[in-house]
Amino acid sequence: MARLADVHPAGRGMTALLKHPRPRRDLGNDPATLMPGALTLSYETESRFILVSGNGMWSPRQLDEHLRDFADLVDQLRRQHIRIRVLVDLKDAAIQTPEVTRVLAHGTRDCHRDGDRVALLVPGSLAKMQMRRILGTRHHNYFVSESAARLWLSASDWS
C-alpha cells in the first residue's frame, strides 16, 4: 500500500494509508487534494449486497472510474438474476465539490431500475437532506444506522 507521502510531495511526514485501488491520480495544489479520499466496492455473498464505502474527497475522474466499476458489477449480477441491493457507507466522506456532485448524480441516474434498493449510511440529518436532493428517493433511502439500512435492504417488498 502506498503512503500518502509517496503519492503527493506535500503529504511528507503524513502516515495516512491509501486503502483503495482507486486513489486520486490528479493531485494538484488544491488543499482538498492533500488528503485524497478512497472509494471501495465489493460484493458480500452471504447477504448478496453490493458494498460501497467512501471517505475523504474524491476527484471527478476517480468517482467516474468507480461508477463504471459499479455499473459493471450491477450488470454482472443482473445477468445472474440477482436482485440489486446496495449498502453505501458515506459516514467518513467529506462534502464533495459541485463537480463531483454532478458526476455522482449523472453517473447513478440510469444505473438503477425499479425494484433496486440503495441504502446510504450518512453521518447525520443534514447529510440525509443533501443526499436526498442529489439522488432522490426512488431507489435510495438514507440511514444513520447500519442495522436499519441492512434491515431495509433485506425487506422483501418495496415499502
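Histidine 112 is placed in the loop that runs between H3 and E4. In this predicted model, its relative accessible area is 9%, so histidine 112 counts as buried, the limit being under 20%. Beyond residues up to four places away in sequence, histidine 112 touches Phe70, Arg78, Val118, His139 and His140. Two of these partners, Phe70 and Arg78, recur among the buried residues of H2, and that helix is a suitable place to continue.

H2 comprises 20 residues, and the distance from its first C-alpha to its last is 28 Å, close to the 28 Å expected at 1.5 Å a residue. Its buried residues are Gln62, Leu63, Glu65, His66, Leu67, Phe70, Leu73, Val74, Leu77 and Arg78. The cover over these residues includes strand E1 (38-44), together with E2, E3 and H3. After H2 comes histidine 81, which has a positive phi, near 60°.

H3, one of the elements that cover H2, can be examined in the same manner. Its end C-alpha atoms lie 17 Å apart, which agrees with the 16 Å that 12 residues should span at 1.5 Å a residue. Val100, Leu104 and Thr108 are the buried residues of H3. These residues lie on the same side of H3, because the arc they cover around the axis is only 50°. Pro98, Arg102, His106 and Arg109, on the other side of H3, are exposed. The buried residues of H3 have H2 and H4 among the elements that cover them.

The packing of these elements leads to the nonpolar cores. In soluble globular proteins, nonpolar side chains tend to be buried together. Here the largest nonpolar core contains 25 residues, and Ile50, Leu63, Phe70, Val86, Val88, Leu120 and Met131 are those with the most contacts inside it. At least two residues of this core come from each of strand E2 (49-56), helix H2 (60-79), strand E3 (85-93), helix H3 (98-109), strand E4 (117-121) and helix H4 (125-135). H2 provides the largest share of this core, 6 residues. Leucine 63 offers a local view of the packing: leaving aside neighbours within four places in sequence, leucine 63 is in contact with Leu39, Trp58, Val100, Val103 and Leu104. Of these partners, Val100 and Leu104 belong to the buried residues of H3.

Another core, of 8 residues, lies apart from the largest one; Phe49, Leu87, Phe143 and Trp152 are among its members. The structure holds 1 aromatic pair. Phenylalanine 143 and tryptophan 152 form this pair, which is tilted, with 5.8 Å from centre to centre and 45° between the planes. Phenylalanine 143 and tryptophan 152 are both buried. The face of tryptophan 152 also has arginine 117 lying over it, at 5.2 Å from the ring centre.

The overall arrangement can now be set out. The protein has 5 helices and 5 strands, which run from the N terminus in the order α-β-β-α-β-α-β-α-β-α. Of its 159 residues, 39% count as buried. Among contacts between residues at least 6 apart in sequence, 59% join residues at least 24 apart. One example of a contact between elements is that of leucine 63 with Leu39, while the loop residue histidine 112 touches Phe70 and His140.

Technical notes
Residues are numbered from 1 along each chain as its sequence is written. This is a predicted model: local features need pLDDT of at least 70, side-chain atom pairs count only at pLDDT 80 or more; totals for chains, interfaces and linings use all residues. Side-chain values use heavy atoms; hydrogens and water are left out. A nonpolar core is a set of buried Ala, Val, Leu, Ile, Met, Phe, Trp, Tyr and Cys residues joined through side-chain atoms within 4.5 Å. Buried means under 20% relative accessible area, exposed over 50%, partly exposed in between (1.4 Å probe, protein chains only). Helices (H or I, at least four residues) and strands (E, at least two) are DSSP runs, numbered from the N terminus. Contact means heavy atoms within 4.5 Å. Rings of Phe, Tyr and Trp (its six-membered ring) pair if their centres lie within 6.5 Å; planes under 30 degrees apart count as stacked, over 60 as edge-to-face and the rest as tilted. A charge sits over a ring if NZ of Lys or CZ of Arg is within 6 Å of the ring centre and within 35 degrees of the ring normal. The expected span of a helix is 1.5 Å times one less than its number of residues. The arc is that of the directions from the helix axis to the C-beta atoms.
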